Every structure is written in structure tokens, then in C-alpha cells.
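Let's take a walk through this structure together. Have the sequence and the 3D view open as you read.

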Amino acid sequence: MSQGGPGIELDTSLGYMLKAAASALHSAMEAVLRPLGMTITHYACLELLAQRPGLSNSELARGTFVTRQSMNVLLQALERQGLVVRPEQAPVGRARPTELTARGRRQLKVASAAVRRVEQDMLANLDISEQDQMRRLLTACIASLTEPPASAT
């Protein structure tokens, strides 16, 4: 509860509630990925590569919300584990496209099933209409914070 001064009511602050939900989701995902020897970033990288083969280090970093340096360290580890391959030299420019190996696809299949169960648990008390509404509302919130405001005419 607020003491009457400036601030927000944490119980009703949507930003705070979103952060709490994200934190709970993060913890639940970590819990199912850890036994597989994976982190959330590791999983997200493999998932992105399955959906968009050939992404560069920079593209993967943006898609997983980490720095290029962190992604480069992860990609080197994934290469050593035989989960991804990158050419020795970039075919054009400096970007080295990354692709999943068969082993990477197998690991991703197991991890995706575990992550899907976490998401199903998170949404278990929402019907399909509520889930669709949540997607629309979150998309609108993201757009409001990431896209330039529409110019007033």
C-alpha cells in the first residue's frame, strides 16, 4: 500500500505485474531446461535457428535479448557441442550464418516440449478467447514501447 506519497500501487501496477509474470515464467523455464543442460538463451537460440536457419550472431543476439559478445560465446559453445555449425569464413561480408545440426534439432525437440508444458501450465486458467486477448494486449503494449509514436496530424 502506498503511504500517500508518490509511487505506484504494486498490487495494481500492470508494469509490476508483467515483471512478476515474466520472472515466474523465467524461473519455470529455467527449471525445466536446467536438467537438459540448457539455459533460456541457449533454448531461444536453437528455436530461432529452427525457425530461421542462417541467422547471424547479431540477429541471434537481438532475438534472444543478449549482447553480440554473449551470443558469440554461446555460439562457440554450441559449435563445440555439435549443436550448430557456422562456416569458417563469411560467404559475404562479415556475418557467418548459423544452422542447427541434427543433434541440435534433437535437443531442441526435447526442450521445446518442456517449454510448451510450462506455457500450457501458465495459460491453464485462461480460455482460448482470453489467451487471444492477452496476445493482442501484450502486442499492443510492446508496440507502444518500441515503435515511434504516430505523428499528430
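What follows looks at a pair of packed helices and then at some salt bridges.

One thing to keep in mind from the start: this is a predicted model.

Let's begin with the helices. Two packed helices are described by the angle between their axes and the distance between the axes. Find helix 3, which covers residues 57-64, and helix 4, which covers residues 68-80. Their axes sit 9 Å apart and cross at an angle of about 110°. Angles from 65 to 115 degrees count as roughly perpendicular, so helix 3 is roughly perpendicular to helix 4.

Which residues of the two helices meet? On the helix 3 side, look for Asn57, Ser58, Leu60, Ala61 and Thr64. Across from them, helix 4 brings in Arg68, Met71, Asn72 and Leu75. Sort the residues of this contact by character and you get a mix: 4 are nonpolar, 4 are polar and 1 is charged.

Now for the salt bridges. How many does the structure hold? There are 4 salt bridges, and we can visit some of them in turn.

Start with Arg34 and Glu30, whose closest N and O atoms are 3.9 Å apart. The cut-off for a salt bridge is within 4 Å, so this pair counts as one. Are the partners buried or exposed? Arg34 is exposed, as its relative accessible area is 55%, while Glu30 is partly exposed at 31%.

Next, jump to Glu79 and Arg86, where the side chains meet in a salt bridge with an N to O distance of 2.9 Å. Glu79 has a relative accessibility of 27%, which makes it partly exposed. Arg86, on the other hand, has a relative accessible area of 11%; buried means under 20%, so Arg86 is buried.

Further along the chain comes helix 6, spanning residues 128-146. Here Asp132 pairs with Arg135 in a salt bridge, and their closest N and O atoms are 3.3 Å apart. Both residues belong to helix 6 and are 3 residues apart, which is about one turn of the helix. Asp132 counts as partly exposed, with 34% relative accessibility, and Arg135 is partly exposed too, at 42%.

To finish, here is how some charged residues link up: Glu79, Arg86 and Arg96 are joined into one network by salt bridges that share partners.

Notes:
Residues are numbered from 1 along each chain as its sequence is written. This is a predicted model: local features need pLDDT of at least 70, side-chain atom pairs count only at pLDDT 80 or more; totals for chains, interfaces and linings use all residues. Side-chain values use heavy atoms; hydrogens and water are left out. Axes are lines fitted to C-alpha atoms, for helices over the stretch in contact, and angles run from 0 to 180 degrees between N-to-C directions. Helices (H or I, at least four residues) and strands (E, at least two) are DSSP runs, numbered from the N terminus. Angles under 35 degrees count as roughly parallel, over 145 as roughly antiparallel, 65 to 115 as roughly perpendicular and the rest as oblique. Contact means heavy atoms within 4.5 Å. Ala, Val, Leu, Ile, Met, Phe, Trp, Tyr, Cys and Pro count as nonpolar, Asp, Glu, Lys and Arg as charged, and the others, Gly among them, as polar. Buried means under 20% relative accessible area, exposed over 50%, partly exposed in between (1.4 Å probe, protein chains only).
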